[in-house]
Amino acid sequence: TMFPDALQNTILIAERGSGTADSFGYRIAGVRLSEDYRSVVSHFVFADGWFDYDTQEIYGRPVDIEVLHDGSVLISDDHSPGAIYRVYFDGNKTTPMDGFTD
């Protein structure tokens, strides 16, 4: 893949959110597994920004993830009809992710 080796053995999960103010989600979570895939090593936020907890405004609801042949990730959004986001890694790490080490 195009992402750093530290993201190998990682499952990406779309956390859609329920639409209520106390909702959890509106992000893409990463769950990194052990080498044998039997245990969770860490959990971190891979992508967020679809919900403003201060204003309670929903900007999107990520619902599905697909990995393309080039290693980039597509994220579909059922809040904004037709919205599909492409996430790719260009070699620059600009923001650290909790639980992520490279």
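β6 and β7 pair in the antiparallel sense, joined by five bridges. In this predicted model, the two strands form a hairpin with five residues between them. Strand β8 completes an open, antiparallel sheet in the order β6-β7-β8. A separate topic is the open sheet β1-β2-β3, again with antiparallel pairing.

**Sheet β6-β7-β8**

- The sheet has three strands.
- Its edge strands are β6, residues 62–67, and β8, residues 84–87. Each of these edge strands pairs on one side only.
- From one strand to the next, the twist averages 25°.
- In the β6/β7 pairing, P62 stands opposite D77 of β7.
- The turn of the β6–β7 hairpin contains G71, which has a positive phi of about 95°.
- β7 covers residues 73–77 and is joined to β8 by four bridges. These two strands run antiparallel.
- I75 has Y85 in β8 as its bridge partner.

**The β7–β8 loop**

- P81 lies in the loop between β7 and β8.
- Is P81 buried or exposed? P81 counts as exposed because its relative accessibility is 79%, and the cut-off for exposed is over 50%.
- P81 and G60 are 21 residues apart along the chain. Their C-alpha atoms are separated by 9.6 Å.

**Sheet β1-β2-β3**

- Three strands make up this open sheet.
- β1 (10–15) and β3 (40–47) stand at the edges. Each has a single partner strand, so one side of each is left without a neighbour in the sheet.
- Neighbouring strands are turned by 25° against each other on average, direction ignored.
- Six bridges link β1 to β2, residues 27–33, in the antiparallel sense.
- T10 has R32 in β2 as its bridge partner.

**Side chains in strands**

- As a general rule, side chains in a regular strand alternate between the two faces of the sheet.

**Confidence**

- The average pLDDT of the chain is 84. A score of at least 70 is reached by 84% of the residues.
- Which stretch has a pLDDT below 50? Residues 96–102 do. Beyond near neighbours in sequence, this stretch has 17 contacts in the model.

Terms used:
Residues numbered from 1 in each chain as written. Predicted model: local features only at pLDDT ≥ 70, side-chain atom pairs only at ≥ 80, totals over all residues. Heavy atoms only, no water. Pairing = 2+ DSSP bridges. Axes fitted to C-alpha atoms, helices over the stretch in contact; angles between N-to-C directions. pLDDT = per-residue confidence, 0-100. Contact = heavy atoms within 4.5 Å. Buried < 20%, exposed > 50% of the residue type's maximum accessible area, 1.4 Å probe, protein only.
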